[in-house]
Amino acid sequence: MRFASFCLIVILTVFSSAHSEDKATTAKASLDAMKRLSWLIGSWKASIGGNAAYESWQIDSENRFKGLGFSINGKDTAISEKLLIAATDSGLFYISDVSHN
């Protein structure tokens, strides 16, 4: 029984340290990706058909960019959304919070 417990502890320790290294590697890769995305910072305009779409991005922290996006149809705002790009130890995430959802 002691041998089985010892083996279980060793196995859990190995998997735990490997998981921690994977998370650290993923976190570093996510932060590196954020640096490569820094060209997004600022305001952008795109014409889609007869409509205009706008996005504005700013740095919230080392691992977060916040943005605002909207499109205009004629004189009306057709779609408005809050945007977020976040680097976590689980990866890089793009989150869009659309006003009508």
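Which residues make up the largest nonpolar core? Let me hold that for a moment and say what we're looking at. This is a predicted model, where local features need pLDDT of at least 70, side-chain atom pairs count only at pLDDT 80 or more, and totals for chains, interfaces and linings use all residues. Residues are numbered from 1 along each chain as its sequence is written, and side-chain values use heavy atoms, with hydrogens and water left out.

Okay, the core. Its seven residues are Met34, Leu40, Trp57, Phe65, Leu83, Ile85 and Ala87. By nonpolar core I mean a set of buried Ala, Val, Leu, Ile, Met, Phe, Trp, Tyr and Cys residues joined through side-chain atoms within 4.5 Å. Strand 4 gives the most to this core, with three residues. In general, nonpolar side chains in soluble globular proteins tend to be buried together.

Now the overall layout. We have one helix and five strands, in the order α-β-β-β-β-β from the N terminus. Those are DSSP runs, numbered from the N terminus: H or I over at least four residues for a helix, E over at least two for a strand.

The five strands form an open sheet, order 1-2-3-4-5, with antiparallel pairing. Strand 1 (42–48) and strand 5 (91–98) are the edges, each pairing on one side only. From one strand to the next, the twist averages 20°; the axes behind that are lines fitted to C-alpha atoms, for helices over the stretch in contact, with angles from 0 to 180 degrees between N-to-C directions. And two strands pair if DSSP finds at least two bridges between them.

Let's walk through the middle of the sheet. Strand 2 and strand 3 pair antiparallel over nine bridges, and they make a hairpin with two residues between them. One bridge there puts Ser56 with Leu68 in strand 3. Next door, 10 bridges join strand 3 (residues 64–73) to strand 4 (residues 76–88), again antiparallel. That's a hairpin too, with two residues between the strands, and Gly74 in the turn has a positive phi of about 70°.

Two serines are worth a look. Is Ser71 buried or exposed? Ser71 counts as buried because its relative accessible area is 17%; the cut-offs are under 20% for buried, over 50% for exposed and partly exposed in between, with a 1.4 Å probe and protein chains only. Ser71 lies in strand 3, opposite Ile79 in strand 4. Skipping residues up to four places away in sequence, Ser71 touches Ala52, Ala53, Asp76, Thr77, Ala78 and Ile79, where contact means heavy atoms within 4.5 Å.

Then there's Ser61, in strand 2 (residues 51–61). Ser61 has a relative accessible area of 26%, so we call it partly exposed. Its side chain makes a polar contact with the side chain of Asn63, at 2.8 Å. That term means a pair of N or O atoms within 3.5 Å; within protein, one must be able to donate a hydrogen and the other to accept it, and residues adjacent in sequence count only if both atoms are side-chain atoms.

Back to the core for one member. Leaving aside neighbours within four places in sequence, Ala87 contacts Ser30, Leu31, Met34, Asn63 and Leu92.

Last, the totals. Of the 101 residues, 19% count as buried. Among contacts between residues at least 6 apart in sequence, 27% join residues at least 24 apart.
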